[in-house]
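Let's take a walk through this structure together, one feature at a time. Keep the sequence at hand as you read.

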Amino acid sequence: MDERELATLTRDLVSIPSHEDETAVGDRIEDWLREHTDAAVERDDAPNGGNVIARRDANDGDASLALVGHHDVVPPADAQLGDDGTYRVREADGRLRGRGTADMTGALAAMLLAFRDVDPARDLVFASFVGEERGGVGARHAIERGFAPDHAVVGEGSTGYSAPGTVDVAVAHKGRRASTLRASGAAAHASEPEKGENAVYRACDAVDVVRDLDAPETEVLGHHLAGSLAVTGIDGGDAWNVVPDTCEVTIDERTVPGERAALERAAGIEGVAWDVEQDLPPMACDDADFADAALAAVAGAQDAAPKRVVKPHATDAGWLADAGTTCVVCGPAEPGEAHTGTESVSLSALERCRDAYAALAERWL
């Protein structure tokens with residue numbers, strides 16, 4: 001195996017802009033798969049360039065394992081954008097630095113090499129989705145059209161949770177429900193407030209209900225997972241001397257598998273309606289044997305002992321799990337790297353993830 005192949009492929013993929021349109025990097029992934037593997041490669045019609053899905057059939061053909069990632073990124077910082085419109089990528093101190101190195105083009109490169117090189121124990125799928133940063137657009141598109149592997153490894157970051165530099169295996173992550181309480185009332189001159197119905201007061205009554213709600217919590221494979229609930233904004237009134245007739249309150253809820261805060265209670269206040277704008281599902285691995293197999297694959301790829309961990313934020317694993325796929329999350333990104341102007345990934349962690357993906361694909365029965 002070429003020791004530099006992983007770094008070279010990562011640099012190649014990372015350099016292609018994908019924060020506005022994922023077509024070009026999707027083209028590169030598709031071309032690489034057709035050139036380097038004999039897999040059946042599909043490019044679907046998901047928005048912004050299409051998902052790339054490749055399949056290798058094993059002899060038994062009775063179950064499937066998917067290596068899953070996404071090839072869109074958040075907009076780069078100015079320092080991450082080259083004069084020619086490509087993304088800057090540089091290597092220093094054993095790390096690759098640039099937009100997408102951690103989230104999650106580096107993991108895609110590791111998955112591509114593992115997908116190519118293994119003799120899989122069961123049907124093996126590689127999938128790179130568009131629109132993960134826009135709420136799982138690509139994953140939902142694929143699922144609606146029948147994408148349903150039995151098991152999946154999603155390559156989002158799981159490194160550095162149990163100890164610095166250690167690649168771990170996440171068996172659960174939180175989801176996110178973003179919602180708005182909309183209070184309505186009747187406007188009046190502020191000198192005669194009794195002639196109106198103050199929407200801000202109604203909104204504050206609803207906020208009191210939210211304040212008293214318990215945040216969701218649960219257990220996943222022996223790990224405690226606690227959600228959270230926070231009012232993150234309030235907007236009402238447009239003049240000093242007018243009783244406001246509308247007021248909006250925004251709420252961020254971090255959800256856990258099987259549980260939600262009872263926000264509908266706030267809508268019991270007169271004049272208050274509750275609308276959910278986004279609901280990114282949480283993930284819980286429902287197969288301890290698969291979690292253990294993933295942990296063993298990671299343990300065989302590094303000296304440090306990995307642990308089962310939980311992640312604080314949503315990934316495409318939530319959509320897959322919600323559709324019936326058993327998932328774990330395992331990838332090279334460390335906390336605090338994604339979405340930053342100094343984003344980077346450890347080359348060592350990339351190599352260990354590549355080896356772990358290959359080992360799991362070869363041994364998981």
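One definition will help before we look inside: Ala, Val, Leu, Ile, Met, Phe, Trp, Tyr, Cys and Pro count as nonpolar, Asp, Glu, Lys and Arg as charged, and the others, Gly among them, as polar. Please also bear in mind that this is a predicted model.

**The cavity**

With those classes in mind, let's turn to the empty space. A search of the whole structure turns up 1 cavity of 30 Å³ or more, and the volume of the largest cavity is about 50 Å³. Which residues line the largest cavity? They are Val153, Ala294, Ala297, Val298, Val328, Cys330, Ala356, Tyr357 and Leu360. By class, the lining comprises 9 nonpolar residues, no polar ones and no charged ones. Helix 6 (288-299) and helix 8 each contribute at least two residues to this lining.

**Strand 7 and its neighbours**

Val153, one of the lining residues, also belongs to a strand that is covered on both faces. In strand 7 (residues 151-154), His151 and Val153 are buried on one side, while Ala152 and Val154 are buried on the other. Strand 7 pairs with strand 3 (residues 64-70) in the parallel sense, over 4 bridges, and here His151 is the bridge partner of Leu65. Strand 7 is also joined to strand 19 by 4 bridges, again running parallel. In that pairing, His151 stands opposite Thr326.

**Helix 1**

Next, have a look at helix 1 (residues 5-14). It is largely enclosed by the rest of the structure, because 7 of its 10 residues are buried. Those buried residues are Glu5, Leu6, Ala7, Leu9, Thr10, Leu13 and Val14. What do the buried residues of helix 1 pack against? Their partners are helix 2 (23-36), strand 5 (95-97), helix 3 (101-117) and helix 8 (347-363).

**Two domains and a hairpin**

On a broader view, the chain is divided into domain 1 (3-174 + 282-362) and domain 2 (175-280). How far apart do the C-alpha centres of domain 1 and domain 2 lie? The distance is 36 Å. Across the boundary, 15 residues of domain 1 are in contact with 15 residues of domain 2.

Strand 11 (residues 217-220) and strand 12 (residues 223-226) run antiparallel and are joined by 4 bridges. Thr218 in this pairing faces Leu225 of strand 12. The two strands form a hairpin with 2 residues between them, and Leu221 in the turn has a positive phi of about 50 degrees.

**Backbone details**

Most residues other than glycine have a negative phi, and most peptide bonds are trans. Against that background, here are two further residues with positive phi.

| Residue | Phi | Loop | Relative accessibility |
|---|---|---|---|
| Asp93 | near 55 degrees | between strand 4 (90-92) and strand 5 | 73% |
| His339 | near 65 degrees | between strand 19 (326-329) and strand 20 (344-346) | 43% |

Are these two residues buried or exposed? With the cut-off for exposed set at over 50%, Asp93 counts as exposed because its relative accessibility is 73%. His339, at 43%, counts as partly exposed.

One peptide bond also deserves a look: the bond from Asp103 to Met104 is cis, with omega near -15 degrees. Met104 is placed in helix 3, one of the elements against which the buried residues of helix 1 pack.

Notes. Residues are numbered from 1 along each chain as its sequence is written. This is a predicted model: local features need pLDDT of at least 70, side-chain atom pairs count only at pLDDT 80 or more; totals for chains, interfaces and linings use all residues. Side-chain values use heavy atoms; hydrogens and water are left out. Two strands pair if DSSP finds at least two bridges between them. Buried means under 20% relative accessible area, exposed over 50%, partly exposed in between (1.4 Å probe, protein chains only). Contact means heavy atoms within 4.5 Å. On a 1 Å grid over the protein atoms alone, a cavity is a set of points where a 1.4 Å probe fits but cannot get out, and a pocket is an open set with protein on both sides within 12 Å along at least five of seven lines; lining residues have an atom within 4 Å of a point. Grid points are joined across faces, edges and corners, and a volume is the space filled by probe spheres set on the points. Domain bounds come from an automatic or database domain assignment.
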